[in-house]
Amino acid sequence: MGLETKLFHRDTWAEVNLDHIHENISSMKTRLQTGVSLFAVVKANAYGHGDYEVAKTALEAGADFLSVAFMDEALALRKKGITAPILVLGISRPESAAIAAEQGISVTAFDDAWLDSAKAQLKPGQVLQVHIKVDSGMGRIGIRDKNKLMKVESSLEKEACFNFQGIFTHFATADELNTDFYEKQLAVFKGMLTALTSLPEFVHAANSAASLRFADPVWNAVRMGISMYGLSPSMEMKPIVPFPLQQAISLKTKLVAVKQLVKGESVSYGATYTAQGNEWIGTLPIGYADGWIRKLQGQEVLIDGMRVPIVGRICMDQCMIKLPRSFPVGTEVTLIGADGLETISIDEIAAKLETINYEVTCMIGARVPRVYIKDNQQKHIRNYILE
Ligand SMILES: Cc1ncc(COP(=O)(O)O)c(C=O)c1O
């Protein structure tokens, strides 16, 4: 790909394919029953993909709402020109009520005292959009008993400064094939809803896993996160995902140095890797400060369609690979993604790190520029450190 290299000055970048994100959302929308809204979850810089670009793509693909974890993330989207409704899923300070109302940002609440404090912050005439969070078994945030729910609902209904816009819960095990706990949570949520005098506009519970597997008449909106980025919510679920998911992000770099070591010479901190004979060693300008953490020592990368290993300890900004022969400086190397017939998936990296794919995409550091592909072409580059 002919990169517009003037916009960043180190040859390491993440490619984000917005066409794939668009396709994943369209597939989900086709699956949803008529009248079910889609909330695109773009928290954590859209799971590392870039909040603004993903939000825009999601809205173009038909998302009705955006969701983030924190107020700052919602405000960042507003600052970048996103005018669509946004829900902050996590706890916000009551002191943020006025700015949320001013910016049309919906908040999550589950406590009467919080509503009192928020009310005190609102300016005359302001209306705060509120979604009540129910803790149906996640044990994180939310209301756990009906009496408290009734009190919160009545506070919302009696105050003109609040609009009871939604109610939601979050599943802890929807990505596990055993559905016992999922069903228990769903039953708890349904039971809680019976305590309300009326249902708000949005009732939502399903994350990607639940939306991909189940449709329940209790919800009229879903919150789509990981599957929008083309990733399965769990390895267990991979064989039963009902439509093909297109992984959106790849991670690339280029050789910046190539040298031959002779037998007995070593590589990197601790001198833990020693050449067994004459060996070609390439240096890559990516390290643990970019999210390419030390535990990835030994992980393979792709060069010229071949898998080669990372040797020696990964440094903060660089790491070394063992090459089968000399390659010119500037040769492209793929850390995540496809090269020829070979592919390194995010799931492969997650397995190596004994973690989940969510963590891998979130780990790709802000120092790594994002290169956006749209309509099959490189469209736009975001370089956070030069912004
Ligand atoms: C409250 C809430 N809703 C929805 C999501 C999206 O979940 P997923 O990425 O599994 O689709 C998350 C993700 O962590 C979440 O915390």
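User: What makes a space a cavity here, and how large is the largest cavity?

Analyst: On a 1 Å grid over the protein atoms alone, a cavity is a set of points where a 1.4 Å probe fits but cannot get out. A volume is the space filled by probe spheres set on the points, which are joined across faces, edges and corners. By that count the largest cavity has about 40 Å³. The search of the whole structure finds 1 cavity of 30 Å³ or more. This is a predicted model, where local features need pLDDT of at least 70, side-chain atom pairs need 80 or more, and totals for chains, interfaces and linings use all residues. Residues are numbered from 1 along each chain as its sequence is written, and side-chain values use heavy atoms, without hydrogens and water.

User: What lines the largest cavity, by class?

Analyst: Its lining has 7 nonpolar, 1 polar and 1 charged residues. Ala, Val, Leu, Ile, Met, Phe, Trp, Tyr, Cys and Pro count as nonpolar, Asp, Glu, Lys and Arg as charged, and the others, Gly among them, as polar. So Asp290 is charged and Gly291 is polar. Leu251 and Trp292 are among the nonpolar ones.

User: Where does the ligand sit?

Analyst: The ligand sits in the largest pocket, because more than half of its atoms lie within 2 Å of the grid points. A pocket is an open set with protein on both sides within 12 Å along at least five of seven lines, and lining residues have an atom within 4 Å of a point. This pocket holds about 690 Å³ of space. It is lined by 28 residues, with Lys43, Tyr47, Arg140, His170 and Tyr358 nearest its centre.

User: Why do the contacts of Arg140, Ser208 and Ile226 with the ligand count as polar contacts?

Analyst: A polar contact is a pair of N or O atoms within 3.5 Å. The Arg140 side chain is 3.1 Å from a ligand oxygen. For the Ser208 side chain the distance is 2.6 Å. A polar backbone atom of Ile226 lies 2.8 Å from a ligand oxygen. Therefore each pair falls within the cut-off.

User: How much of the ligand's accessible area does the protein cover?

Analyst: The protein covers 91% of the 390 Å² that the ligand has on its own, by the Shrake-Rupley method with a 1.4 Å probe.

Note on methods. Polar contact = N/O pair within 3.5 Å; in protein donor to acceptor, adjacent residues only side chain to side chain.
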